[in-house]
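Welcome to a short set of exercises on reading a protein model. Have a look at the structure, then work through each task with its solution.

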Amino acid sequence: MKKVILGVIAAMLLPLIASAGRVIELDSPKLKVFLPDEATATGRMVVICPGGGYTHLAIGREGNDWAPYFNKLGIAAAVLSYSMPQGEKWVPFNDAVAAIKVVRDSAEVWGINPRDVGIMGSSAGGHLAMTVSTLAGPLERPNFQILFYPVISMNDEIAHKGSRRNLLGDNPSAEEIEIFSGEKAAFWETPRAFIALSDDDTVVDPRNSTRYYETLHKSGVPASLHIYPSGNHGWGIAERFLYKNQMLEELRLWLDSFGPLPDATPGLKREKGKPVLFIIGDSTVKNEDSDDNSIWGWGSVIDEWLDCNSIVIENHAVPGRSARSFREEGLWGRVQSALCPGDYVMIQFGHNDASPVNTGRCRGSLPGTGNDSESVTVAKNGRQIDVKSYGAYLREYIADVLAAGATPIIVSPMPRNKWKDGQAVGTEDTYAAWAREIAEEQGVVFIDLDAMGRKSFNEIGEENIDPYFKGDKTHFSLKGARLNASNVAQGIANSKSKLKKYLKKR
(Lines give C-alpha, C1' and ligand atoms only; values in the text may rest on other atoms or scores of the structure.)
Protein backbone atom coordinates (compact mmCIF):
# COMPACT_ATOMS: atom_id res chain seq x y z
CA MET A 1 0.00 0.00 0.00
CA LYS A 2 2.84 2.42 0.91
CA LYS A 3 4.48 1.87 -2.47
CA VAL A 4 1.24 2.66 -4.28
CA ILE A 5 0.70 5.85 -2.31
CA LEU A 6 4.29 6.96 -2.83
CA GLY A 7 3.85 6.37 -6.56
CA VAL A 8 0.71 8.47 -6.59
CA ILE A 9 2.44 11.26 -4.65
CA ALA A 10 5.26 11.21 -7.19
CA ALA A 11 2.71 11.54 -9.98
CA MET A 12 1.18 14.50 -8.17
CA LEU A 13 4.46 16.37 -8.37
CA LEU A 14 3.64 17.13 -12.01
CA PRO A 15 0.00 18.28 -11.80
CA LEU A 16 -1.79 20.41 -14.31
CA ILE A 17 -3.89 23.08 -12.60
CA ALA A 18 -7.33 23.70 -14.08
CA SER A 19 -10.21 25.91 -13.02
CA ALA A 20 -12.29 22.86 -12.13
CA GLY A 21 -9.71 21.84 -9.50
CA ARG A 22 -6.59 19.71 -9.48
CA VAL A 23 -5.72 17.62 -12.52
CA ILE A 24 -3.37 14.64 -12.29
CA GLU A 25 -2.16 12.49 -15.17
CA LEU A 26 -0.97 8.91 -14.72
CA ASP A 27 0.55 6.60 -17.32
CA SER A 28 -0.21 3.09 -16.04
CA PRO A 29 -3.11 2.81 -16.46
CA LYS A 30 -3.47 5.95 -18.54
CA LEU A 31 -5.71 8.13 -16.39
CA LYS A 32 -6.51 11.81 -16.31
CA VAL A 33 -7.84 12.58 -12.85
CA PHE A 34 -9.92 15.69 -12.16
CA LEU A 35 -10.25 16.38 -8.44
CA PRO A 36 -12.91 18.83 -7.24
CA ASP A 37 -12.24 21.74 -4.92
CA GLU A 38 -11.46 20.38 -1.47
CA ALA A 39 -14.11 22.61 0.09
CA THR A 40 -16.91 20.91 -1.89
CA ALA A 41 -15.47 17.40 -2.35
CA THR A 42 -17.85 14.59 -1.36
CA GLY A 43 -15.34 11.74 -1.53
CA ARG A 44 -17.14 10.19 -4.50
CA MET A 45 -15.23 9.24 -7.67
CA VAL A 46 -16.33 8.19 -11.16
CA VAL A 47 -13.97 6.35 -13.52
CA ILE A 48 -15.02 7.31 -17.07
CA CYS A 49 -14.64 5.00 -20.09
CA PRO A 50 -15.25 6.87 -23.39
CA GLY A 51 -16.75 5.03 -26.36
CA GLY A 52 -15.30 4.39 -29.78
CA GLY A 53 -16.28 0.90 -30.85
CA TYR A 54 -13.13 -0.63 -29.34
CA THR A 55 -11.04 1.03 -32.09
CA HIS A 56 -10.56 4.56 -30.72
CA LEU A 57 -11.73 6.83 -27.88
CA ALA A 58 -14.23 9.71 -28.01
CA ILE A 59 -12.11 11.32 -25.31
CA GLY A 60 -13.86 14.71 -25.47
CA ARG A 61 -17.64 14.64 -25.18
CA GLU A 62 -17.64 11.15 -23.62
CA GLY A 63 -14.57 11.70 -21.44
CA ASN A 64 -12.79 14.88 -20.37
CA ASP A 65 -15.79 17.14 -21.08
CA TRP A 66 -17.67 15.45 -18.24
CA ALA A 67 -15.16 16.51 -15.56
CA PRO A 68 -16.62 20.01 -14.87
CA TYR A 69 -20.10 18.55 -14.35
CA PHE A 70 -18.90 16.01 -11.79
CA ASN A 71 -16.45 18.38 -10.10
CA LYS A 72 -19.24 20.94 -9.61
CA LEU A 73 -21.13 18.23 -7.71
CA GLY A 74 -18.04 17.60 -5.58
CA ILE A 75 -17.34 14.33 -7.39
CA ALA A 76 -13.88 13.43 -8.66
CA ALA A 77 -13.61 12.14 -12.24
CA ALA A 78 -10.90 9.91 -13.73
CA VAL A 79 -10.96 9.56 -17.51
CA LEU A 80 -9.46 6.25 -18.62
CA SER A 81 -7.68 5.98 -21.96
CA TYR A 82 -7.95 2.20 -22.08
CA SER A 83 -6.01 0.15 -24.60
CA MET A 84 -7.73 -1.28 -27.65
CA PRO A 85 -8.10 -5.08 -27.70
CA GLN A 86 -6.43 -5.77 -31.07
CA GLY A 87 -7.04 -9.48 -30.70
CA GLU A 88 -6.60 -9.53 -26.89
CA LYS A 89 -10.14 -9.33 -25.55
CA TRP A 90 -9.23 -8.87 -21.89
CA VAL A 91 -6.92 -5.87 -22.39
CA PRO A 92 -9.60 -3.13 -21.93
CA PHE A 93 -11.09 -4.99 -18.96
CA ASN A 94 -7.71 -5.26 -17.23
CA ASP A 95 -7.06 -1.53 -17.81
CA ALA A 96 -10.41 -0.63 -16.23
CA VAL A 97 -9.88 -2.93 -13.24
CA ALA A 98 -6.41 -1.42 -12.78
CA ALA A 99 -7.91 2.08 -12.86
CA ILE A 100 -10.37 1.25 -10.08
CA LYS A 101 -7.55 -0.28 -8.04
CA VAL A 102 -5.37 2.83 -8.47
CA VAL A 103 -8.25 5.06 -7.39
CA ARG A 104 -8.94 3.01 -4.27
CA ASP A 105 -5.25 2.65 -3.42
CA SER A 106 -4.92 6.44 -3.76
CA ALA A 107 -8.07 7.20 -1.79
CA GLU A 108 -6.33 8.76 1.20
CA VAL A 109 -4.11 10.98 -0.97
CA TRP A 110 -6.92 12.14 -3.24
CA GLY A 111 -9.63 12.43 -0.60
CA ILE A 112 -11.69 9.59 -2.10
CA ASN A 113 -13.99 7.20 -0.24
CA PRO A 114 -12.91 3.75 -1.52
CA ARG A 115 -16.46 2.48 -0.96
CA ASP A 116 -17.94 5.17 -3.24
CA VAL A 117 -16.15 4.60 -6.53
CA GLY A 118 -18.31 4.25 -9.64
CA ILE A 119 -17.66 3.55 -13.29
CA MET A 120 -19.22 5.29 -16.29
CA GLY A 121 -19.16 4.42 -19.97
CA SER A 122 -20.71 5.44 -23.27
CA SER A 123 -21.40 3.13 -26.22
CA ALA A 124 -18.52 0.60 -26.32
CA GLY A 125 -17.18 2.31 -23.21
CA GLY A 126 -20.53 1.44 -21.66
CA HIS A 127 -19.89 -2.18 -22.56
CA LEU A 128 -16.54 -1.98 -20.80
CA ALA A 129 -18.10 -0.36 -17.72
CA MET A 130 -20.81 -3.03 -17.70
CA THR A 131 -18.24 -5.82 -18.11
CA VAL A 132 -16.25 -4.62 -15.11
CA SER A 133 -19.48 -4.28 -13.11
CA THR A 134 -20.54 -7.85 -13.85
CA LEU A 135 -17.30 -9.83 -14.18
CA ALA A 136 -14.79 -8.22 -11.80
CA GLY A 137 -14.26 -9.66 -8.35
CA PRO A 138 -15.83 -8.05 -5.28
CA LEU A 139 -12.73 -6.03 -4.39
CA GLU A 140 -12.27 -4.87 -8.01
CA ARG A 141 -15.90 -4.13 -8.72
CA PRO A 142 -17.18 -0.51 -8.76
CA ASN A 143 -19.86 0.59 -6.30
CA PHE A 144 -22.18 1.96 -9.00
CA GLN A 145 -22.35 2.18 -12.81
CA ILE A 146 -23.50 4.91 -15.20
CA LEU A 147 -24.17 3.81 -18.78
CA PHE A 148 -25.02 5.98 -21.78
CA TYR A 149 -26.45 4.30 -24.91
CA PRO A 150 -24.33 1.27 -24.01
CA VAL A 151 -23.36 -1.75 -26.01
CA ILE A 152 -24.48 -4.59 -23.76
CA SER A 153 -25.09 -7.73 -25.77
CA MET A 154 -22.82 -9.74 -28.05
CA ASN A 155 -25.73 -11.84 -29.34
CA ASP A 156 -26.45 -11.68 -33.08
CA GLU A 157 -29.97 -10.32 -32.68
CA ILE A 158 -29.03 -6.96 -31.11
CA ALA A 159 -25.22 -6.78 -30.96
CA HIS A 160 -23.32 -3.79 -32.28
CA LYS A 161 -21.43 -5.75 -34.88
CA GLY A 162 -18.40 -3.47 -35.02
CA SER A 163 -17.81 -3.49 -31.27
CA ARG A 164 -18.23 -7.25 -31.14
CA ARG A 165 -15.83 -7.83 -34.03
CA ASN A 166 -13.21 -5.49 -32.60
CA LEU A 167 -13.43 -7.08 -29.15
CA LEU A 168 -13.99 -10.76 -29.92
CA GLY A 169 -12.93 -11.18 -33.53
CA ASP A 170 -14.88 -12.39 -36.55
CA ASN A 171 -15.93 -15.76 -35.13
CA PRO A 172 -16.44 -15.55 -31.38
CA SER A 173 -17.36 -18.73 -29.56
CA ALA A 174 -20.74 -19.22 -27.92
CA GLU A 175 -18.97 -19.06 -24.56
CA GLU A 176 -17.32 -15.71 -25.37
CA ILE A 177 -20.63 -14.28 -26.53
CA GLU A 178 -22.33 -15.29 -23.29
CA ILE A 179 -19.53 -14.03 -21.04
CA PHE A 180 -19.47 -10.59 -22.66
CA SER A 181 -23.27 -10.17 -22.85
CA GLY A 182 -24.49 -8.14 -19.89
CA GLU A 183 -28.02 -9.47 -20.04
CA LYS A 184 -26.50 -12.88 -19.26
CA ALA A 185 -23.69 -11.82 -16.92
CA ALA A 186 -25.51 -9.52 -14.49
CA PHE A 187 -26.42 -11.02 -11.12
CA TRP A 188 -27.39 -9.90 -7.62
CA GLU A 189 -23.91 -8.58 -6.74
CA THR A 190 -23.82 -6.29 -9.80
CA PRO A 191 -23.70 -2.63 -8.63
CA ARG A 192 -26.69 -0.30 -9.01
CA ALA A 193 -27.07 1.31 -12.43
CA PHE A 194 -28.16 4.51 -14.17
CA ILE A 195 -28.87 3.85 -17.86
CA ALA A 196 -29.71 6.58 -20.40
CA LEU A 197 -30.28 6.33 -24.15
CA SER A 198 -32.37 7.59 -27.05
CA ASP A 199 -35.32 5.69 -28.44
CA ASP A 200 -34.24 6.51 -32.00
CA ASP A 201 -30.68 5.17 -31.62
CA THR A 202 -29.74 3.70 -35.01
CA VAL A 203 -26.23 2.66 -33.99
CA VAL A 204 -26.76 0.55 -30.88
CA ASP A 205 -30.11 -1.20 -30.62
CA PRO A 206 -32.01 0.22 -27.59
CA ARG A 207 -32.86 -3.34 -26.60
CA ASN A 208 -29.28 -3.61 -25.33
CA SER A 209 -30.24 -1.29 -22.49
CA THR A 210 -33.75 -2.57 -21.87
CA ARG A 211 -32.66 -6.20 -21.62
CA TYR A 212 -29.85 -5.31 -19.24
CA TYR A 213 -32.32 -3.36 -17.12
CA GLU A 214 -34.66 -6.36 -17.03
CA THR A 215 -31.86 -8.64 -15.85
CA LEU A 216 -30.81 -6.17 -13.17
CA HIS A 217 -34.41 -5.80 -12.02
CA LYS A 218 -34.92 -9.58 -11.83
CA SER A 219 -31.66 -9.88 -9.87
CA GLY A 220 -32.81 -7.32 -7.30
CA VAL A 221 -30.24 -4.71 -8.38
CA PRO A 222 -31.47 -1.09 -8.10
CA ALA A 223 -31.55 0.35 -11.63
CA SER A 224 -32.85 3.53 -13.24
CA LEU A 225 -33.64 3.49 -16.97
CA HIS A 226 -34.13 6.75 -18.94
CA ILE A 227 -35.15 6.63 -22.60
CA TYR A 228 -35.35 9.98 -24.39
CA PRO A 229 -37.50 10.42 -27.53
CA SER A 230 -34.64 11.53 -29.80
CA GLY A 231 -30.93 12.14 -29.92
CA ASN A 232 -29.74 9.02 -31.74
CA HIS A 233 -26.28 7.99 -30.59
CA GLY A 234 -23.06 9.47 -29.27
CA TRP A 235 -24.36 12.66 -27.67
CA GLY A 236 -22.25 12.48 -24.54
CA ILE A 237 -22.45 15.85 -22.81
CA ALA A 238 -22.69 17.81 -26.06
CA GLU A 239 -25.01 20.80 -26.30
CA ARG A 240 -26.67 19.37 -29.42
CA PHE A 241 -28.51 16.78 -27.31
CA LEU A 242 -31.99 18.23 -26.86
CA TYR A 243 -32.51 16.54 -23.50
CA LYS A 244 -29.08 17.29 -22.07
CA ASN A 245 -30.24 19.42 -19.13
CA GLN A 246 -32.99 16.98 -18.22
CA MET A 247 -30.55 14.06 -18.39
CA LEU A 248 -27.98 15.83 -16.21
CA GLU A 249 -30.58 16.70 -13.60
CA GLU A 250 -31.89 13.13 -13.53
CA LEU A 251 -28.33 11.86 -13.15
CA ARG A 252 -27.72 14.31 -10.28
CA LEU A 253 -30.87 13.22 -8.49
CA TRP A 254 -29.91 9.58 -8.93
CA LEU A 255 -26.42 10.20 -7.54
CA ASP A 256 -27.98 11.99 -4.57
CA SER A 257 -30.29 9.05 -3.89
CA PHE A 258 -27.66 6.78 -2.33
CA GLY A 259 -24.52 7.06 -0.25
CA PRO A 260 -21.31 5.07 0.07
CA LEU A 261 -21.40 1.46 1.15
CA PRO A 262 -20.92 0.93 4.90
CA ASP A 263 -17.43 0.09 6.04
CA ALA A 264 -17.17 -3.70 6.42
CA THR A 265 -13.41 -3.77 7.04
CA PRO A 266 -12.50 -6.95 8.97
CA GLY A 267 -11.55 -6.22 12.55
CA LEU A 268 -13.46 -2.96 12.62
CA LYS A 269 -15.59 -4.13 15.56
CA ARG A 270 -12.60 -5.19 17.64
CA GLU A 271 -12.87 -4.16 21.29
CA LYS A 272 -9.95 -3.89 23.68
CA GLY A 273 -9.45 -7.03 25.72
CA LYS A 274 -11.83 -9.17 23.67
CA PRO A 275 -10.94 -11.78 21.05
CA VAL A 276 -12.72 -11.73 17.71
CA LEU A 277 -14.49 -14.72 16.21
CA PHE A 278 -14.19 -14.34 12.43
CA ILE A 279 -16.52 -16.51 10.35
CA ILE A 280 -15.92 -17.21 6.67
CA GLY A 281 -18.03 -19.27 4.30
CA ASP A 282 -20.83 -19.11 1.74
CA SER A 283 -24.54 -18.30 1.51
CA THR A 284 -25.52 -20.84 4.18
CA VAL A 285 -23.37 -18.85 6.61
CA LYS A 286 -24.39 -15.34 5.55
CA ASN A 287 -27.18 -14.26 3.22
CA GLU A 288 -29.83 -11.53 3.09
CA ASP A 289 -30.29 -11.81 6.86
CA SER A 290 -32.61 -8.81 6.81
CA ASP A 291 -36.07 -9.77 8.08
CA ASP A 292 -38.04 -12.74 9.29
CA ASN A 293 -39.05 -13.63 5.73
CA SER A 294 -35.62 -13.47 4.06
CA ILE A 295 -32.90 -16.05 3.46
CA TRP A 296 -30.59 -16.44 6.46
CA GLY A 297 -27.17 -17.85 7.25
CA TRP A 298 -26.30 -19.38 10.61
CA GLY A 299 -23.37 -16.99 11.13
CA SER A 300 -25.78 -14.09 11.53
CA VAL A 301 -27.61 -15.70 14.46
CA ILE A 302 -24.75 -17.48 16.24
CA ASP A 303 -24.65 -14.52 18.63
CA GLU A 304 -27.79 -15.99 20.22
CA TRP A 305 -25.53 -18.76 21.59
CA LEU A 306 -22.34 -16.79 22.31
CA ASP A 307 -21.67 -14.19 25.01
CA CYS A 308 -21.02 -11.02 23.04
CA ASN A 309 -19.97 -9.24 26.24
CA SER A 310 -16.83 -11.35 26.17
CA ILE A 311 -16.16 -11.99 22.48
CA VAL A 312 -16.73 -10.00 19.27
CA ILE A 313 -18.32 -11.80 16.32
CA GLU A 314 -17.61 -10.77 12.71
CA ASN A 315 -19.34 -12.74 9.98
CA HIS A 316 -17.40 -12.24 6.72
CA ALA A 317 -19.00 -15.08 4.77
CA VAL A 318 -20.10 -14.15 1.24
CA PRO A 319 -22.84 -15.92 -0.74
CA GLY A 320 -21.73 -17.98 -3.71
CA ARG A 321 -18.15 -18.47 -2.58
CA SER A 322 -16.09 -21.63 -2.45
CA ALA A 323 -12.90 -22.46 -0.56
CA ARG A 324 -11.10 -21.44 -3.74
CA SER A 325 -12.96 -18.28 -4.80
CA PHE A 326 -12.96 -16.76 -1.31
CA ARG A 327 -9.16 -16.72 -1.54
CA GLU A 328 -8.85 -15.78 -5.23
CA GLU A 329 -11.15 -12.78 -4.89
CA GLY A 330 -9.07 -11.33 -2.05
CA LEU A 331 -11.80 -11.82 0.54
CA TRP A 332 -9.61 -14.01 2.73
CA GLY A 333 -6.66 -11.62 2.48
CA ARG A 334 -8.74 -8.87 4.11
CA VAL A 335 -9.71 -11.12 7.02
CA GLN A 336 -6.20 -12.53 7.34
CA SER A 337 -4.69 -9.06 7.69
CA ALA A 338 -7.04 -8.33 10.60
CA LEU A 339 -6.21 -11.44 12.63
CA CYS A 340 -4.57 -11.07 16.03
CA PRO A 341 -3.27 -13.65 18.51
CA GLY A 342 -6.13 -15.09 20.53
CA ASP A 343 -8.73 -14.72 17.76
CA TYR A 344 -10.78 -17.59 16.34
CA VAL A 345 -11.70 -18.35 12.72
CA MET A 346 -14.57 -20.67 11.78
CA ILE A 347 -14.17 -21.93 8.20
CA GLN A 348 -17.05 -23.54 6.30
CA PHE A 349 -17.00 -24.21 2.56
CA GLY A 350 -18.07 -27.03 0.28
CA HIS A 351 -21.48 -26.14 -1.15
CA ASN A 352 -19.94 -24.41 -4.18
CA ASP A 353 -16.66 -26.29 -4.54
CA ALA A 354 -18.21 -28.85 -6.87
CA SER A 355 -18.91 -26.10 -9.45
CA PRO A 356 -17.02 -25.89 -12.79
CA VAL A 357 -13.40 -24.80 -12.39
CA ASN A 358 -13.15 -22.41 -15.35
CA THR A 359 -16.63 -21.74 -16.70
CA GLY A 360 -19.76 -20.18 -15.23
CA ARG A 361 -18.74 -18.53 -11.98
CA CYS A 362 -15.35 -20.32 -12.14
CA ARG A 363 -15.23 -21.24 -8.47
CA GLY A 364 -14.85 -25.02 -8.37
CA SER A 365 -11.96 -26.74 -6.64
CA LEU A 366 -10.58 -30.17 -7.40
CA PRO A 367 -12.29 -32.96 -5.44
CA GLY A 368 -10.54 -34.57 -2.51
CA THR A 369 -7.65 -33.58 -0.28
CA GLY A 370 -4.61 -34.14 -2.50
CA ASN A 371 -1.82 -31.69 -3.18
CA ASP A 372 -2.19 -31.86 -6.96
CA SER A 373 -3.25 -28.80 -8.95
CA GLU A 374 -4.56 -28.02 -12.42
CA SER A 375 -3.71 -24.92 -14.45
CA VAL A 376 -6.81 -23.39 -16.07
CA THR A 377 -7.75 -20.23 -17.92
CA VAL A 378 -10.67 -18.58 -16.15
CA ALA A 379 -13.29 -17.92 -18.81
CA LYS A 380 -14.83 -14.84 -17.17
CA ASN A 381 -11.60 -12.80 -16.98
CA GLY A 382 -8.95 -14.65 -18.99
CA ARG A 383 -6.61 -15.09 -16.03
CA GLN A 384 -4.41 -18.17 -15.65
CA ILE A 385 -5.06 -19.87 -12.31
CA ASP A 386 -3.69 -22.96 -10.60
CA VAL A 387 -6.72 -24.74 -9.14
CA LYS A 388 -6.09 -26.91 -6.08
CA SER A 389 -8.13 -29.48 -4.22
CA TYR A 390 -10.79 -28.61 -1.67
CA GLY A 391 -8.60 -30.07 1.05
CA ALA A 392 -5.52 -28.15 -0.09
CA TYR A 393 -7.40 -24.85 0.25
CA LEU A 394 -8.49 -25.80 3.77
CA ARG A 395 -4.84 -26.53 4.64
CA GLU A 396 -3.91 -23.02 3.46
CA TYR A 397 -6.59 -21.40 5.61
CA ILE A 398 -5.44 -23.34 8.64
CA ALA A 399 -1.79 -22.43 8.07
CA ASP A 400 -2.64 -18.74 7.68
CA VAL A 401 -4.73 -18.68 10.86
CA LEU A 402 -2.09 -20.47 12.92
CA ALA A 403 0.62 -18.15 11.60
CA ALA A 404 -1.35 -15.21 12.99
CA GLY A 405 -1.53 -16.81 16.43
CA ALA A 406 -5.28 -17.43 16.05
CA THR A 407 -7.28 -20.65 16.32
CA PRO A 408 -8.89 -22.28 13.26
CA ILE A 409 -12.08 -24.33 13.48
CA ILE A 410 -13.22 -26.33 10.46
CA VAL A 411 -16.98 -26.67 9.97
CA SER A 412 -18.38 -29.09 7.42
CA PRO A 413 -21.13 -27.96 5.02
CA MET A 414 -24.61 -28.82 6.26
CA PRO A 415 -27.02 -31.03 4.29
CA ARG A 416 -29.40 -29.79 1.64
CA ASN A 417 -33.08 -30.67 1.65
CA LYS A 418 -32.29 -33.98 0.01
CA TRP A 419 -33.65 -37.36 1.07
CA LYS A 420 -33.35 -41.04 0.22
CA ASP A 421 -35.60 -43.73 1.65
CA GLY A 422 -36.88 -41.29 4.24
CA GLN A 423 -33.42 -40.33 5.50
CA ALA A 424 -31.60 -37.02 5.02
CA VAL A 425 -28.67 -37.18 2.61
CA GLY A 426 -25.54 -35.08 3.12
CA THR A 427 -21.92 -35.07 1.97
CA GLU A 428 -20.69 -37.63 4.47
CA ASP A 429 -18.73 -39.38 1.69
CA THR A 430 -17.29 -36.24 0.08
CA TYR A 431 -16.99 -32.69 1.42
CA ALA A 432 -17.86 -33.47 5.04
CA ALA A 433 -15.47 -36.42 4.99
CA TRP A 434 -12.72 -34.35 3.35
CA ALA A 435 -13.18 -31.53 5.85
CA ARG A 436 -12.88 -34.02 8.71
CA GLU A 437 -9.77 -35.56 7.15
CA ILE A 438 -8.01 -32.20 6.91
CA ALA A 439 -9.01 -31.16 10.45
CA GLU A 440 -7.68 -34.43 11.89
CA GLU A 441 -4.53 -34.24 9.78
CA GLN A 442 -3.83 -30.70 10.99
CA GLY A 443 -4.91 -31.32 14.57
CA VAL A 444 -7.61 -28.64 14.65
CA VAL A 445 -11.18 -28.67 15.95
CA PHE A 446 -13.80 -30.04 13.56
CA ILE A 447 -17.55 -29.47 13.80
CA ASP A 448 -19.45 -32.03 11.74
CA LEU A 449 -22.44 -29.90 10.79
CA ASP A 450 -23.31 -32.47 8.13
CA ALA A 451 -23.83 -35.28 10.65
CA MET A 452 -25.56 -33.01 13.15
CA GLY A 453 -27.76 -31.56 10.43
CA ARG A 454 -28.81 -34.98 9.14
CA LYS A 455 -29.68 -36.04 12.68
CA SER A 456 -31.79 -32.90 13.19
CA PHE A 457 -33.49 -33.28 9.81
CA ASN A 458 -34.34 -36.92 10.49
CA GLU A 459 -35.87 -35.98 13.85
CA ILE A 460 -37.97 -33.27 12.17
CA GLY A 461 -38.96 -35.57 9.30
CA GLU A 462 -39.04 -35.09 5.55
CA GLU A 463 -42.69 -34.08 5.62
CA ASN A 464 -42.02 -31.25 8.10
CA ILE A 465 -38.66 -29.89 6.91
CA ASP A 466 -39.79 -27.33 4.30
CA PRO A 467 -40.25 -24.39 6.75
CA TYR A 468 -36.53 -24.64 7.57
CA PHE A 469 -35.57 -23.82 3.97
CA LYS A 470 -36.19 -20.72 1.89
CA GLY A 471 -36.53 -20.45 -1.89
CA ASP A 472 -34.86 -23.76 -2.77
CA LYS A 473 -33.40 -26.90 -1.22
CA THR A 474 -30.07 -25.31 -0.23
CA HIS A 475 -30.76 -21.96 1.46
CA PHE A 476 -32.30 -21.56 4.87
CA SER A 477 -35.08 -19.58 6.47
CA LEU A 478 -34.48 -17.85 9.78
CA LYS A 479 -35.84 -20.99 11.46
CA GLY A 480 -33.37 -23.15 9.56
CA ALA A 481 -30.45 -20.80 10.28
CA ARG A 482 -31.22 -21.00 13.99
CA LEU A 483 -31.28 -24.78 13.79
CA ASN A 484 -27.85 -24.78 12.13
CA ALA A 485 -26.48 -22.24 14.63
CA SER A 486 -27.74 -24.39 17.48
CA ASN A 487 -25.84 -27.34 16.02
CA VAL A 488 -22.70 -25.23 15.61
CA ALA A 489 -22.96 -24.17 19.25
CA GLN A 490 -23.42 -27.80 20.28
CA GLY A 491 -20.36 -28.70 18.23
CA ILE A 492 -18.35 -26.04 20.05
CA ALA A 493 -19.59 -27.32 23.41
CA ASN A 494 -18.59 -30.90 22.55
CA SER A 495 -15.12 -29.89 21.33
CA LYS A 496 -11.85 -29.19 23.11
CA SER A 497 -11.80 -25.63 21.78
CA LYS A 498 -11.33 -22.79 24.25
CA LEU A 499 -14.10 -21.06 22.31
CA LYS A 500 -16.57 -23.05 24.45
CA LYS A 501 -15.96 -20.73 27.40
CA TYR A 502 -17.75 -17.98 25.43
CA LEU A 503 -20.97 -19.97 25.05
CA LYS A 504 -23.98 -18.57 26.85
CA LYS A 505 -25.43 -20.64 29.66
CA ARG A 506 -28.77 -21.84 28.35
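**Exercise 1.** What volume does the second largest pocket have?

*Solution.* Start with the ground rules. This is a predicted model, in which local features need pLDDT of at least 70 and side-chain atom pairs count only at pLDDT 80 or more, while totals for chains, interfaces and linings use all residues. Residues are numbered from 1 along each chain as its sequence is written, and side-chain values use heavy atoms, with hydrogens and water left out.

Next, the term: on a 1 Å grid over the protein atoms alone, a pocket is an open set of points with protein on both sides within 12 Å along at least five of seven lines, whereas a cavity is a set where a 1.4 Å probe fits but cannot get out; lining residues have an atom within 4 Å of a point. A volume is the space filled by probe spheres set on the points, which are joined across faces, edges and corners.

The result for the second largest pocket is about 440 Å³.

**Exercise 2.** Which residues lie nearest the centre of the second largest pocket?

*Solution.* The lining has 23 residues, and Leu135, Ala185, Gly360, Arg361 and Lys380 lie nearest the centre. Now look at the helices (DSSP runs of H or I, at least four residues, numbered from the N terminus). Here α7 (174–179) gives the most to this pocket's lining, with three residues.

**Exercise 3.** Which residues line the largest cavity?

*Solution.* They are Tyr54, Lys89, Pro92, Phe93, His127, Leu128, Thr131, Leu167 and Phe180. Helix α5 supplies the largest share, three residues. The space inside the largest cavity is about 40 Å³.

Note on methods
Helix = DSSP H or I, 4+ residues; strand = E, 2+ residues; numbered from the N terminus.
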